[in-house]
Amino acid sequence: MTFDEYVDKIDEKWRESFIRTWDVINEHLPEGFEAGIQHGMPVFAVPKDRYPEGYHVDNEPLPFISVASQKRHLAVYHLGMYRDRDLYDWFTREYPNHMTTKLNMGKSCIRFTNPDKIPYKLLGELAEKMTVDEWIEMYESAR
């Protein structure tokens, strides 16, 4: 599946917010991450030429941030927050400064249930917080 094929399958309700979320993350992500499709969803990952070992689960490029349109929400999966407690804490503290809704989040999955209420500025700031090298180092130290 290609990115465009994925977008074509998104429910009209979520399409615009998905594209805007993807674009904001792409614009703010430090250099070195590469867009692709993994596990059926769009992802920004560390390319194999930069980190040949890849993801230990499937030997694919090391995923970092994925964006998925689900039936009832838009999901942003930021694996760096799963590994970096300080980053997770920063995001949960900062969220109320950008949103009036309650944060709906797991360890690395941020869920937005209203396509008109997505904190794009905050997602851009989040995307800027970790470089490729920092993500590789954090990933390796956790293994």
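**Exercise 1.** Leaving aside neighbours within four places in sequence, which residues is Ser69 in contact with? Place Ser69 in the structure, give its burial class, and relate Ser69 to Lys9.

*Solution.* The structure is a predicted model.

Step 1. Locate the residue: Ser69 belongs to strand β3.

Step 2. List the contacts. With neighbours within four places in sequence set aside, Ser69 touches Tyr6, Ile10, Trp14, Phe18 and Leu74.

Step 3. Assign the burial class. The relative accessibility of Ser69 is 17%, and buried means under 20%; Ser69 therefore counts as buried.

Step 4. Turn to Lys9, a residue of helix α1 (residues 3–9). Its relative accessibility is 64%, and the cut-off for exposed is over 50%, so Lys9 counts as exposed.

Step 5. Compare sequence and space. Lys9 and Ser69 are 60 residues apart along the chain, and 9.3 Å separates their C-alpha atoms.

**Exercise 2.** Describe the surroundings of strand β3 (residues 62–69): how many of its residues are buried, and which strands pair with it?

*Solution.*

Step 1. Burial: eight of the eight residues of β3 are buried, and the strand is mostly covered.

Step 2. Pairing with strand β2 (residues 41–46): the sense is antiparallel, over four bridges. Val43 has Ser66 of β3 as its bridge partner.

Step 3. Pairing with strand β4 (residues 74–78): again the sense is antiparallel, here over five bridges. Val67 is bridged to Val76 in β4.

Step 4. Connection: the link from β3 to β4 is a hairpin of four residues.

Step 5. Helix cover: helix α6 (residues 132–142) lies across β2 and β3, and its direction is at about 105° to β3.

**Exercise 3.** In what order do the strands of the sheet stand, and which strands are at the edges?

*Solution.*

Step 1. Write the order. The open sheet has five strands, arranged β1-β2-β3-β4-β5, with antiparallel pairing.

Step 2. Find the edges. β1 (34–38) and β5 (109–112) each have a single partner strand, so one side of each lacks a neighbour in the sheet.

Step 3. Add the twist, which averages 25° from one strand to the next.

Step 4. Add helix α5. This helix packs on the sheet and touches β3, β4 and β5. The direction of α5 makes about 165° with that of β5.

**Exercise 4.** Characterise the packing of helix α4 (residues 85–94) against helix α5 (residues 120–128): what is the crossing angle, and which residues make the contact?

*Solution.*

Step 1. Geometry: the two axes come within 11 Å and cross at roughly 165°.

Step 2. Orientation: angles over 145 degrees count as roughly antiparallel, and α4 and α5 are therefore roughly antiparallel to each other.

Step 3. Handedness: the crossing of α4 past α5 is right-handed.

Step 4. Contact residues: α4 contributes Leu87, Trp90, Phe91 and Glu94, while α5 contributes Leu122, Leu123, Glu125 and Leu126.

Step 5. Composition: sorted by class, the contact has six nonpolar and two charged residues, with no polar ones.

Notes:
Residues are numbered from 1 along each chain as its sequence is written. This is a predicted model: local features need pLDDT of at least 70, side-chain atom pairs count only at pLDDT 80 or more; totals for chains, interfaces and linings use all residues. Side-chain values use heavy atoms; hydrogens and water are left out. Axes are lines fitted to C-alpha atoms, for helices over the stretch in contact, and angles run from 0 to 180 degrees between N-to-C directions. Helices (H or I, at least four residues) and strands (E, at least two) are DSSP runs, numbered from the N terminus. Angles under 35 degrees count as roughly parallel, over 145 as roughly antiparallel, 65 to 115 as roughly perpendicular and the rest as oblique. A crossing is left-handed if the near helix is turned anticlockwise from the far one by less than a right angle, and right-handed if clockwise. Contact means heavy atoms within 4.5 Å. Ala, Val, Leu, Ile, Met, Phe, Trp, Tyr, Cys and Pro count as nonpolar, Asp, Glu, Lys and Arg as charged, and the others, Gly among them, as polar. Buried means under 20% relative accessible area, exposed over 50%, partly exposed in between (1.4 Å probe, protein chains only). Two strands pair if DSSP finds at least two bridges between them.
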